[in-house]
Amino acid sequence: MSILNRLKIGLQKTRFNFMGKVEQLFYRDAIDEEFYEELEELLISGDIGIKSTMEICDQLRQGAREKKIREPQELKEYLKKLLLESLNTGSSALATSTDGPTVILVLGVNGAGKTTTIGKLAHSYVQKGHKVLLAAGDTFRAAAIYQLEIWAARAGADLIKHQPGADPSAVFYDAINAARARGADIVLGDTAGRLQTKVNLMEELKKIHRVLQKSLPGAPHEVLLVIDATTGQNGISQAKLFHEAVPLTGLVLTKLDGTAKGGIIIAIKRELGLPVKLIGVGEGIEDLQPFEPQSFIEALFSLDKEQNTK
Amino acid sequence: MFPALSEKLQSALRNLRSKGKLTEKDVTAALREVRLALLDADVNYKVVKDFINKVKERSIGEEVMKSLTPGQQVVKIVNEEMTQLMGGFNDKLKISSKLPTVVMLVGLQGSGKTTTAVKLAKYLQKNGHTPLIAACDIYRPAAIKQLEVLGRENELPIFSMGEQEPVNIAKGALKEARKKGADFLLLDTAGRLHVDEQLMEELANIKRHIQPTEILLVVDAMTGQDAVNVAESFHQQLTLTGVILTKLDGDSRGGAALSVKAVTGCPIKFVGLGEKVTAFEPFHPDRMASRILGMGDILSLIEKAEASLDKEKGRELEKKLRNEQFTFEDFLDQLQQIKKIGPLEQIMEMLPGVGGVSKQLKKLSVDEKQLVHVEAIINSMTKEERLKPEIINSSRRKRIARGSGTSVQNVNQLLKQFGQMKKMFKQMSRNKGKFLRGRRGFFP
């Protein structure tokens, strides 16, 4: 199944709820205040946030004026373009190290889907012929290490673990050394879920980051923040505070197979410039895909009318 | 992210101080701010719409209380309506007449069901119950093990049967609970999407066979607009009896709570507030209302203060605070008055704009137990010492420590804290001069 199809299926519900209505909206007769009001509501209902929504609506208004757009359908194309520009940052490919193993650190709040993402990511790297090593950096949550162990076995990756309660930095230190010794070229680092407001836990992240930098120059090559697609406006705070603690390189948007819209990524991109690199669209080990803004937007808008009236 | 709503409202209504009534236009302007705050707090946009209409109706034409400015009046109505919308009061767990009372926990992946199951069990245990938790999540890797580890760490009995059909595990657990005489059985189910028909049917099947007294939806406080879809869907298929809101210890406003209650009508029964197993409380709608609005709970503070404080004394104190004539004598007096209102930290939390000084407050770290010591220390001072703490030299310190049954360190600490507090009040009266003046006599 092609990536586009999978994405489409994963996003189907999103489209029914969100863009389905957008489609209806753009079949209205005229662009008036009511139109913009409805559009505003729709964007907000997609968790895009009040600030970004207002900015987008303003841009649309201005664009409509300047380009003399009078047909809703034309405006739709313009909105698509705007959203696409909002999200476009070139390639979503993950960085690779040319010198020694590539280290990818995965962060996020509790329950965002970090461990699952790592399991899926490990699988995808192993499938591509890489030798993958997982670092069980969540030493806090009960049985988190065991959970990662199961994923490692499923994906066919190695695992470095310590006892529950151990210092996660030590786990990463060992993992880097083990990766070198065993010739693993990908190291995926799991971390414990933490709310971005917990100062001591954010300090712990900084330490992990320092240890990684010291153990391997250039590491971590990717620092990915996992965000649950159901997340609301708190997502901005998450991205902001995690980014302040450890410089992020991108986002992973998980659980997109539900009815949540994940619109928060638009707000995060606009406010912090952080791109989405991967999306999770299901529970299977294959259900992790590179994020492609073009396909994302196209998939959102490619509803035909029959689906629309359902 | 959003400046305190009360401040915004104040500025929106600044020109209205002299007016006795609010015009429709004023209210509309103020409610625009409310709307933005609610949307920013992730309250569902449909719920916001209805809510704003309701508040508007009430606000227009209602007479303004003499002591409050129109702005505050709107805040009060908003707060009241919101509290009402969230159920008004705390809703307790229902108890089945036939033991055990079965509580089923359901929700999306990662909402915090397993942690909540353990917290709830601990909470019940503390209140004299004998809960049993059944591990019905057979899908997530290591979920059963997680529960077993948590059970061991927290001395809670866990029932597991490995990866069998969840309904059979639930049946087995029920038998076990009866045998053991457990009065509560908590079913920890696997996280699932509300659109996953197969897994939703699995829950419906458990419900049919076990007939739980409570089916609680566990909702992450950080959930956005989709919360209503999730809740509606779960409610439709299972008829929920309540909601537990988790991860409220972060900085999310938790507007999902309001949406879920408004859409399903199910009361929020508990909130999870941290990583610790004890960080779990019954839900209070009024506190949540203030949180969503991003303002201190100034109204309940005013009400509480009005009910328990001597206004005359309050005015006197305010003068002293501003003139930096605050002494231990006043402090003692305040301690006694404040104790009537409630825990000190809670009072500070209720103050809007205290955010900036909260770090200093933490340094002070006043807890109730310490207050007893503080009182004893002050009581051991002579009148002169209370009025002029700078005369307290080391021999006086020793005497005070002996007299109060504390140590010299404690006395030193109090003296230092008193100095800091004076500084802080000075700051507050400078920064928040408006606050003190605007509520003459209300501030303790």
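Start by selecting Arg35(B) and Glu40(A): they form a salt bridge, with 3.2 Å between the closest N and O atoms. Keep in mind as you click around that this is a predicted model. The pair you have on screen belongs to a short list, since the count between chain A and chain B is three salt bridges.

**Next stop: the A–B interface**

Now widen the selection to everything on chain A that touches chain B. You should pick up 44 residues of chain A, in contact with 33 residues of chain B. Putting the two chains together buries about 3400 Å², and carbon and sulfur atoms give 58% of that area. If you like drawing dashed lines, there are 14 residue pairs in polar contact between chain A and chain B, counting pairs where both residues have pLDDT 80 or more.

Which elements of chain A should you colour here, if you want those that give two or more residues to the side touching chain B? Go for these helices of chain A:

- α1 (3-26)
- α2 (33-45)
- α3 (50-66)
- α6 (144-155)
- α9 (234-245)

Try colouring that side of chain A by residue class too: you'll get 15 nonpolar, 16 polar and 13 charged residues.

**Then: a salt bridge within chain A**

Zoom out for a moment. Over all chains, a search of the whole structure finds 30 salt bridges. One to look at is Asp167(A) with Lys207(A), whose side chains meet at 2.7 Å, N to O. Show the backbone around both residues: Asp167(A) sits in the loop between β3 (158-160) and α7 (168-182) of chain A, while Lys207(A) is in helix α8 (residues 199-215) of chain A, so this pair ties together parts 40 residues apart in sequence. As a general point, side chains of opposite charge can pair when their charged atoms come close.

**Last stop: a cavity in chain B**

Switch on cavities. Those of 30 Å³ or more number ten, and the one to pick is the second largest, with a volume of about 100 Å³. Its lining is made up of 13 residues. To centre your view on the second largest cavity, select Leu108(B), Ser111(B), Val219(B), Asp220(B) and Thr223(B), the lining residues nearest its centre. Two elements of chain B, β5 (214-220) and α9 (227-238), give two or more residues to this lining.

Which element gives the most to the lining of the second largest cavity? That's β5(B), with four residues. Colour the lining by class before you leave: six residues are nonpolar, five polar and two charged.

Key. Residues are numbered from 1 along each chain as its sequence is written. Chains are lettered from A and ligands numbered from 1 in the order in which they are written. This is a predicted model: local features need pLDDT of at least 70, side-chain atom pairs count only at pLDDT 80 or more; totals for chains, interfaces and linings use all residues. Side-chain values use heavy atoms; hydrogens and water are left out. On a 1 Å grid over the protein atoms alone, a cavity is a set of points where a 1.4 Å probe fits but cannot get out, and a pocket is an open set with protein on both sides within 12 Å along at least five of seven lines; lining residues have an atom within 4 Å of a point. Grid points are joined across faces, edges and corners, and a volume is the space filled by probe spheres set on the points. Ala, Val, Leu, Ile, Met, Phe, Trp, Tyr, Cys and Pro count as nonpolar, Asp, Glu, Lys and Arg as charged, and the others, Gly among them, as polar. Contact means heavy atoms within 4.5 Å. Buried area is the accessible area (1.4 Å probe) that two parts lose on being put together, summed over both. A salt bridge is a side-chain nitrogen of Lys or Arg within 4 Å of a carboxyl oxygen of Asp or Glu. A polar contact is a pair of N or O atoms within 3.5 Å; within protein, one must be able to donate a hydrogen and the other to accept it, and residues adjacent in sequence count only if both atoms are side-chain atoms.
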